[in-house]
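Visitor: I would like a close look at a single part of this structure. Please stay with that part and then follow its surroundings outward.

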Amino acid sequence: MSHPPRPAAVAFDLDGLMLNTEELYQQVGGEMLRRRGREFTAELLDAMMGRPASVALQLMIDAHQLETSVDQLAAETDEIFASLLDEQLALMPGLLPLLAELERAGVPKAIATSSGPDFVREVLSRFDLAARFQFILTCDDIDQGKPHPEIYLLAARRFGLEPAQLLVLEDSANGCRAAVAAGAIAVAVPSGTSRRHDFSGATLVADSLADPRLYAMLDLPRG
């Protein structure tokens, strides 16, 4: 029996997929709401995950009717987050071996994230990762954030591919919805709280970036 051709390129989400930053953002959100006598609920966390920061913070404001602005919360986020990076920032399991196998196979790859360019440069520089990707798309490159498909449609165009030739790795429901809506091959790689998300439309819900089923989809040898 023949198997589907290897996807022509791979697009990686960043937060929670390549780096443990979703976990750190949960700490940040919890601290910001604790300071205001509020609770960071699972429902609010799910709604915020995978969205651009401005949208996510507005959801937080609306959910708790906070008397503050997105800009004020963004500045507070940066302050709290900076205190966590040096000691807690880490790569997600399986990332480096997967990158190495894609490189050996000559499969091009990109990052497509809802985060801003300054933050992306900061976290990638800590692991010398940026140069390993053909291009990096951030929230500054699009008008409509995930779950809108714009960022993955743009990624396919940048690769010179049809969306169906692009495999997308995502950890959140909002990101996976964006990939599915773009017509890409959506693979969910949830961790932590995102394991409870609805990944309807995903071709695969992987256990991790080391999942042998993901390697099989990419026609890669397992190390």
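Which residues of α8 are buried?

Guide: The model is a predicted one. In helix α8, the buried residues are Ala173, Asn174, Gly175, Cys176, Ala178, Ala179 and Ala182. That makes 7 of the 10 residues in α8, so the helix is mostly covered under the cut-off of 20% relative accessible area. The covering comes from several elements: the buried residues of α8 pack against α2, α7 (150–159), β4 and β5.

Two of those neighbours are strands, and α8 lies across both, β4 and β5, with its axis at about 165° to β5. The three elements also belong together along the chain. Strand β4, helix α8 (residues 173–182) and strand β5 form a β-α-β unit, and its hand is right. Just after the helix comes Gly183, which has a positive phi, near 90°.

Strand β5 covers residues 185–188, and its four side chains divide between two directions: Ile185 and Val187 point one way, Ala186 and Ala188 the other. All of them are buried. This division fits a general pattern. Side chains in a regular strand alternate between the two faces of the sheet.

The pairing of β5 can be followed on each side. With β4 (residues 166–170) it pairs in the parallel sense, over 4 bridges. Within that pairing, Ala188 of β5 has Glu170 opposite. With β6 (residues 204–205), strand β5 also runs parallel, and here 2 bridges join the strands. Leu204 in β6 is the bridge partner of Val187.

These pairs are part of an open sheet of 6 strands, ordered β3-β2-β1-β4-β5-β6, with parallel pairing. The edges are taken by β3 (135–137) and β6; each has a single partner strand, so one side of each has no neighbour in the sheet. At the β3 end, the partner is β2 (residues 109–112), which runs parallel to β3 and is joined to it by 3 bridges. Ile111 has Ile136 of β3 as its bridge partner.

From β3 the chain leads into a loop toward α7, one of the elements that the buried residues of α8 pack against. Thr138 lies in this loop between β3 and α7. Its relative accessibility is 5%, so Thr138 counts as buried. Leaving aside residues up to four places away in sequence, Thr138 touches Thr113, Ser115, Gly116, Pro117, Val120 and Ile151.

One of those contacts, Ser115, leads to the largest pocket, which holds about 710 Å³ of space. Its lining has 35 residues, and the closest to the pocket centre are Tyr25, Arg51, Ala53, Thr77 and Ser115. The elements giving two or more residues to this lining are α1 (21–35), α2 (42–48), α3 (53–64), α4 and α6 (117–125). Helix α2 is also among the elements against which the buried residues of α8 pack. The most lining residues come from α4, which gives 7.

Helix α4 covers residues 70–88 and includes Ala74. Ala74 is partly exposed, at a relative accessible area of 26%. In sequence Ala74 is 21 residues from Ala53, and in space the two are 7.7 Å apart, C-alpha to C-alpha.

Technical notes
Residues numbered from 1 in each chain as written. Predicted model: local features only at pLDDT ≥ 70, side-chain atom pairs only at ≥ 80, totals over all residues. Heavy atoms only, no water. Buried < 20%, exposed > 50% of the residue type's maximum accessible area, 1.4 Å probe, protein only. Pairing = 2+ DSSP bridges. Right-handed = clockwise from strand over helix to strand, strands pointing away. Contact = heavy atoms within 4.5 Å. Axes fitted to C-alpha atoms, helices over the stretch in contact; angles between N-to-C directions. 1 Å grid on protein atoms, 1.4 Å probe; cavity = no way out; pocket = protein on both sides within 12 Å on 5 of 7 lines; lining within 4 Å. Points joined across faces, edges and corners; volume = space filled by probe spheres on them.
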